[in-house]
Amino acid sequence: MFARDTKASRSIGPPTECFIFHARAMEARLPCSNKVCGEEHKVMCVELVANRFLRKVVPLSSALDGKQTCLYFSASWCRPCRNFAPHLLHLYHSLRSSSSANPQFEVVFVSSDRDELSFSTHFNSMPWLAVPFDPDLHSRIRQRCCVDRIPSLVPLINIGPDCYVGEDAVQLVEDYGVDAFPFDGDRRRELKALDDARRRGGVIGDLLRSGDRNFVVYRDGSKVPITQLVGKTVGLYFSARWSPPCRAFTASLAEAYLELARTETAEFEVVFVSTDRNEDEFAESLSGMPWPAIPYNDRTRQDLSRIFQVNVLPTLVVIGPDQGELGTDGRAMVAAYGAAAYPFTEAREAELEAGLKREGEGLPKLVRDTRHAHTLRLDMIKAYVCDSCMGKGRFWAFSCADCDFDLHPACLVTSEESI
């Protein structure tokens, strides 16, 4: 049997009071799909026969039979566990509220707490079942389920008469929420196929819309309908205030964005997809951006990060006007070419690279400037400041190998002969 928290059964007293569980145990065999573990293992089934007052006894047959059951490995001292708990609570309540009077989903808490008081306090916040506090038993269960980190959410998958240990579902639940159910291999493949289809399709309305929300928001709170983005080249900008590279690139992107906004031919929009840690950081990030954003509390932010497999910040994913991901590195193109990178296609990138090559072939490799004592060498520099006009430069420059001196090719004042 397992123990469940029932508020109605509580007596007067602090909820963190330590309870004494009396239990007897028997062994059962649990096949395991993990080859590292072997073909079959014994696990302990604990039957709770008495407690003090807060928990009631739940027969194993009525608690788990016929249900999709997950073992939840967690501890009160673990910060990642505390971060994951709201995801699991939402999943648990959503699945059980949408089920019949006999819900087909159950969670069993297996504690990694260091003492019984910590276990009781931690369990007090949970609406599901728990294995009574027994560190040795918990350790054996973790070993049998191949759990090497917490939090872990391990599905018990029923195949015919046998029960197998499934793959840890923590990341799956964080990524997909209720849609992750029932956490098996087939569901994982279905969800991945759906993500791949959305990424390849690149339909901006389907990517940005969520439930009743059909708009994105500007920093002043005004809203723009997503339908106004259809037919434009749209950059999905994944960024966060806490990241120095993001802050630096935001300035470059804003410069290119505003330059394109002043033209009549460019149909370009950016949508901020925040990875900030909280809403205050999100507001601070958006305050320096001239483009709209997906609202911070909207799950679409996490969905887009997963769909486009964003694991580096900043990232600029460019969706073309024909509703498809262009496949170019938007961040690299903006950093290298600025507004000239528009419309960010592979053809435009090849055109810019060919133009730079032709420009370089038409410049001397070594020159002397009448205002500088050393020989200057033709160099390709991502960004620099010209020491003559003090303007910003990009790509070709005449640079000194002996000192920090760079010139625009147009600012060069040569002697009679190049070297």
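**Exercise 1. Helix α11 and its ends**

Determine which residue follows α11 and what the sign of its phi is, and identify which residues of α11 are buried.

*Solution.* Step 1: the residue after α11 is G338, with a positive phi near 65 degrees. Helices (H or I, at least four residues) and strands (E, at least two) are DSSP runs, numbered from the N terminus. The model is predicted: local features need pLDDT of at least 70, side-chain atom pairs count only at pLDDT 80 or more, and totals for chains, interfaces and linings use all residues. Residues are numbered from 1 along each chain as its sequence is written, and side-chain values use heavy atoms, with hydrogens and water left out.

Step 2: at the start of α11, a side-chain oxygen of D329 comes to within 3.2 Å of the backbone nitrogen of R331.

Step 3: G330, M333, V334, A336 and Y337 are the buried residues of α11 (buried: under 20% relative accessible area, exposed over 50%, partly exposed in between, with a 1.4 Å probe and protein chains only). They pack against α8, β14, α12 and β17, where contact means heavy atoms within 4.5 Å.

**Exercise 2. The four-stranded sheet**

State in what order the strands of the open four-stranded sheet are arranged, and explain why one side of β15 and of β18 is left without a neighbour in the sheet.

*Solution.* Step 1: the order is β15-β16-β17-β18, with antiparallel pairing; two strands pair if DSSP finds at least two bridges between them.

Step 2: β15 (366–368) and β18 (406–407) are at the edges and have a single partner strand each, so one side of each lacks a neighbour in the sheet.

Step 3: β15 and β16 (residues 375–385) run antiparallel and are joined by three bridges. The bridge partner of L366 in β16 is R377.

Step 4: helix α11 (residues 330–337) packs on this sheet, touching β16 and β17 (392–400), and its direction makes about 60 degrees with that of β17. Helix α12 (residues 346–361) also lies across β16 and β17, at about 30 degrees to β17. Axes are lines fitted to C-alpha atoms, for helices over the stretch in contact, and angles run from 0 to 180 degrees between N-to-C directions.

**Exercise 3. The three-stranded sheet**

Establish which strands form the edges of the open three-stranded sheet and which helix packs on the sheet.

*Solution.* Step 1: the order is β13-β12-β14, and the pairing is mixed. β13 and β14 (315–319) are the edge strands, each pairing on one side only. From one strand to the next, the twist averages 20 degrees.

Step 2: β12 (residues 233–239) runs parallel to β13, and seven bridges join the two. L236 stands opposite V271 in β13.

Step 3: helix α8 (residues 244–261) packs on the sheet and touches β12, β13 and β14; its direction makes about 160 degrees with that of β12.

**Exercise 4. The largest nonpolar core**

Find how many residues the largest nonpolar core holds and which element gives the most to this core.

*Solution.* Step 1: a nonpolar core is a set of buried Ala, Val, Leu, Ile, Met, Phe, Trp, Tyr and Cys residues joined through side-chain atoms within 4.5 Å. The largest has 46 residues, of which Y237, L253, F272, W291, F344, L376 and F398 touch the most other members.

Step 2: at least two residues come from each of α8, β13, α9, β14, α11, α12, β16 and β17. The greatest contribution is that of α8, with seven residues.

Step 3: a second, separate core of 42 residues includes F123, M126, F133 and V147.

Conventions:
Polar contact = N/O pair within 3.5 Å; in protein donor to acceptor, adjacent residues only side chain to side chain.
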